[in-house]
Amino acid sequence: MCVPIWAAMPASAQNKLVKQYCEVCHTDAVRNGGLSLESYDAAKPDPTLAAMILSKLNDGAMGAAGNGVPDKAAQEAWLTATREQAVGAAEWFVSREDGLVSASVTREVPSRRADVSKRPIYRIKVACNTISGVGQMQLTWSPQAQTGRTMTVSVDREAPVEYSLDGKESMGNGANVQSGHASLLLSDNGKAKLPNHSMTVRELFPGETVAFPFSDLDGKARTDLSACFNPPPQH
Ligand code: HEC
């Protein structure tokens, strides 16, 4: 695979910024927002993840660690490079590495907010470890954390399933601050099914509906992922 060169900022410089300003809360152990950036590498671009990072960068995440912020030029370059990487985030991104297959896609809600950078963005990521047969379906969102809400997820034409978002998470850097949630594991309770056509999320953000286009997922990715979500019948 060829390593892309981001015009605005080399991958190594982006990785350094992520380490300095983000990683403390997004380690494998802490995973604030359900996200680890511990092995983040801008040289292996994932447009859907970049779109989420971009949303958070636009929402002040650079200063979240309490380590100050990069200088103006670095901020601009980081934003531009992340924007470049996020191109195509509304289409399925399929990755295959060491027996782990994943597919992710984002949707932005054309909302009433005039400020584009504050618009809610949602990401669904379906992953399958084809060796162990264990799958995971994770919904994440940005920029506003949510708590004390009941949302629903409908798959194809099935009845909506309710999920409650309660409680708060503590910051991985030990700061005495708490926020709501920005992620939900749909696969946690065994209720998740791999949709054939669509997955519709309602009322995660008040009054909003978002639909993920599972009918656009390519056949090979669907087959690989089904190994975890629709186990073949036992003989
Ligand atoms: C002080 C701890 C802290 C730091 C530092 C931090 N975050 Fe977060 N992050 C959180 C918490 C807590 C959430 C979940 C709640 C929320 O969204 O506010 C979150 C959520 C997110 C999400 C949305 C959820 C997801 O999985 O997509 C993204 C993206 C994200 N952070 C990226 C970043 C980036 C990029 C940086 C560095 C510029 C960063 N964060 C720095 C604590 C932190």
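## Helix H3 and its neighbours

In this predicted model, the buried residues of helix H3 pack against two other helices, H1 (11–21) and H2 (47–58). Which residues of H3 are buried? They are Ala74, Gln75, Ala77, Trp78, Leu79, Ala81, Thr82 and Gln85. As a general point, an α-helix has 3.6 residues a turn, so residues three or four places apart point the same way. That is a handy thought to keep in mind while you turn the helix on screen.

The length of H3 can be checked too. Helix H3 covers residues 72–85, which makes 14 residues. The expected span takes 1.5 Å times one less than the number of residues, so H3 should span 20 Å, and its end C-alpha atoms are indeed 20 Å apart.

## The iron site

Let us move to the loop between H1 and H2, where His26 has its place. The NE2 atom of His26 lies 2.1 Å from the iron atom of the ligand, and His26 is the single donor that the protein gives to this iron.

Two cysteines come just before this histidine in the numbering, Cys22 and Cys25. Are they buried or exposed? Cys22 has a relative accessible area of 13%, and Cys25 has 10%. The cut-off for buried is under 20%, so Cys22 counts as buried, and so does Cys25.

## One disulfide

How many disulfides does a search of the whole structure find? There is one, and it joins Cys128 to Cys228 with an S to S distance of 2.0 Å. The link of Cys128 and Cys228 is right-handed, with 80° about the S-S bond. This pair ties together distant parts of the chain: Cys128 sits in strand S3 (residues 121–129) and Cys228 in helix H4 (residues 219–229), 100 residues apart. Both Cys128 and Cys228 are buried.

## A tilted aromatic pair

Strand S3 also takes part in an aromatic contact, through Tyr122. A search of the whole structure gives two aromatic pairs, and one of them is made by Tyr122 and Phe205. Why is this pair called tilted? The ring planes of Tyr122 and Phe205 meet at 55°, and tilted is the class for planes that are neither under 30 degrees apart nor over 60. The ring centres are 5.5 Å apart.

Here again, distant parts of the chain are linked: Phe205 belongs to the loop between strand S10 (199–202) and strand S11 (209–212), 83 residues apart from Tyr122. Tyr122 and Phe205 are both buried.

Definitions and conventions: Residues numbered from 1 in each chain as written. Predicted model: local features only at pLDDT ≥ 70, side-chain atom pairs only at ≥ 80, totals over all residues. Heavy atoms only, no water. Disulfide = S-S within 2.5 Å. Helix = DSSP H or I, 4+ residues; strand = E, 2+ residues; numbered from the N terminus. Buried < 20%, exposed > 50% of the residue type's maximum accessible area, 1.4 Å probe, protein only. Contact = heavy atoms within 4.5 Å. Donors = N, O, S within 2.8 Å, 3.2 Å for Na, K, Ca; no water. Phe/Tyr/Trp six-rings, centres within 6.5 Å; stacked < 30°, edge-to-face > 60°.
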